[in-house]
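Here are some notes to read alongside the model. They are meant for someone who is new to reading structures, and each point can be checked on the display.

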Amino acid sequence: MVFYHRYRMLSQVCKSAIANTSLGAGRHFRPPPVVCSHVRSKISGVGERSSHEKQKAHMARGLPKLKPIPGVKEVIVVASGKGGVGKSTTAVNLALGLLANDQSKSVGLLDADVYGPSIPKLMNLKGNPELTENNLMKPLLNFGIPCMSMGFLIEDSAPIVWRGLMVMSAIEKLLRQVDWGLLDYLVIDMPPGTGDVQLSITQNVPIAGAVIVSTPQDIALLDARRGAEMFRKVNVPVLGLVQNMSVFQCPQCNFQTHIFGCDGAKELARTLGVEVLGDIPLHLNIRETSDTGQPVVVSSPNSPEAEAYRMVASAVVRRLAEESI
């Protein structure tokens, strides 16, 4: 009896609800219109595109605007996925090679490796930057190249123990609070890897192109590929790869040995669809001149090693021209 009573109450509630709807008012139920499959796919495609466009617009609002560095025409970043492959040495000699190839051009050099600045040693520079009337730092100058580095602001042996936000603030100051004057090229020596500094620079400054430095060794090439793919994801053109320490030539018998492997960067370049900008040999002259702060391009301009860097610089200029078309 209890079950029957509850059943009757539930039935009455349902009938009352139906009576108060359009169905209970004597109107006919109209089924939803049938949409053809091709129309449905078009509607779905429009919805997907609209959603994708909204997502892109939302993401764009969250990203900083690309803001050129005053007075700088083109920014070239020199990067590597791994440390110890000769990136900073390549950046220094690339900057000097650009100037050597065309004396009418003005070239600057920025050391963005906050934790391990190498430019002061490589360019034989010491001292604190002076300030202009506008409270901007004046770059230190040597070999005709104005340079800025965190190494100018700290003691030589002082470690930089900073968290990410402090590093980002330092990068912002190195980018925006330096009086670069008028530069045709600003070469930025990036820190190794694909972290906050790389993203901060590429999302704040318009980059003309990236140069990836790697040895032919497989383990270095893996990280070099990650670096190249990162720049592509942030829409920075990859100008090409520099195969550093490509071959060692014995100074006694001139026998050549591929200590780190043979043509690994060339194979990676084919895979990525970019070109090899040049081969730099593993040579004692490069190491010695770098350690003494007299880069090989200026201290031994007639050497094959200096010529290799100047060829890389020529290739970079050519690739910049191709990207600007």
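1. A residue counts as exposed when its relative accessible area is over 50%, and as buried when that area is under 20%. This is a predicted model, and both cut-offs are used in the points that follow.

2. Start with Lys67, which sits in the loop joining helix H2 (37-62) to strand S1 (72-79). Is Lys67 buried or exposed? Its relative accessible area is 52%, so Lys67 is exposed.

3. An exposed residue can still have contacts. With neighbours within four places in sequence left aside, Lys67 is in contact with Arg176, Asn204, Val205 and Pro206. One of these partners, Val205, is 138 residues away from Lys67 along the chain, yet their C-alpha atoms are separated by 5.3 Å.

4. Ser246 belongs to strand S7. The relative accessibility of Ser246 is 8%, so this residue counts as buried. Which residues does Ser246 touch, not counting those up to four places away in sequence? They are Pro216, His258, Gly261, Asp279, Ile280, Pro281 and Leu282.

5. Next, look at helix H8, residues 264-272. Its buried residues are Gly264, Ala265, Leu268, Ala269 and Leu272. They lie on the same side of H8, because the arc they cover around the axis is only 135°. The spacing fits a general rule: an α-helix has 3.6 residues a turn, so residues three or four places apart point the same way.

6. What covers the buried residues of H8? The cover includes helix H7 (218-233), strand S7 (238-249) and strand S9 (276-282). Just after H8 comes Gly273, with a positive phi of about 75°.

7. The last feature is the largest pocket, with a volume of about 430 Å³. Its lining is made up of 25 residues, and those nearest the centre are Val85, Gly86, Lys87, Thr89 and Met245. Two or more lining residues come from each of helix H3 (87-101), S7, S9 and helix H9 (284-291). H9 gives the largest share, four residues.

8. How many residues of each class are in the lining of the largest pocket? There are nine nonpolar, eleven polar and five charged residues.

9. On a second reading, follow strands S7 and S9 through these points. Both are among the elements that cover the buried residues of H8, and both give two or more residues to the lining of the largest pocket.

Definitions and conventions: Residues are numbered from 1 along each chain as its sequence is written. This is a predicted model: local features need pLDDT of at least 70, side-chain atom pairs count only at pLDDT 80 or more; totals for chains, interfaces and linings use all residues. Side-chain values use heavy atoms; hydrogens and water are left out. Buried means under 20% relative accessible area, exposed over 50%, partly exposed in between (1.4 Å probe, protein chains only). The arc is that of the directions from the helix axis to the C-beta atoms. Contact means heavy atoms within 4.5 Å. On a 1 Å grid over the protein atoms alone, a cavity is a set of points where a 1.4 Å probe fits but cannot get out, and a pocket is an open set with protein on both sides within 12 Å along at least five of seven lines; lining residues have an atom within 4 Å of a point. Grid points are joined across faces, edges and corners, and a volume is the space filled by probe spheres set on the points. Ala, Val, Leu, Ile, Met, Phe, Trp, Tyr, Cys and Pro count as nonpolar, Asp, Glu, Lys and Arg as charged, and the others, Gly among them, as polar.
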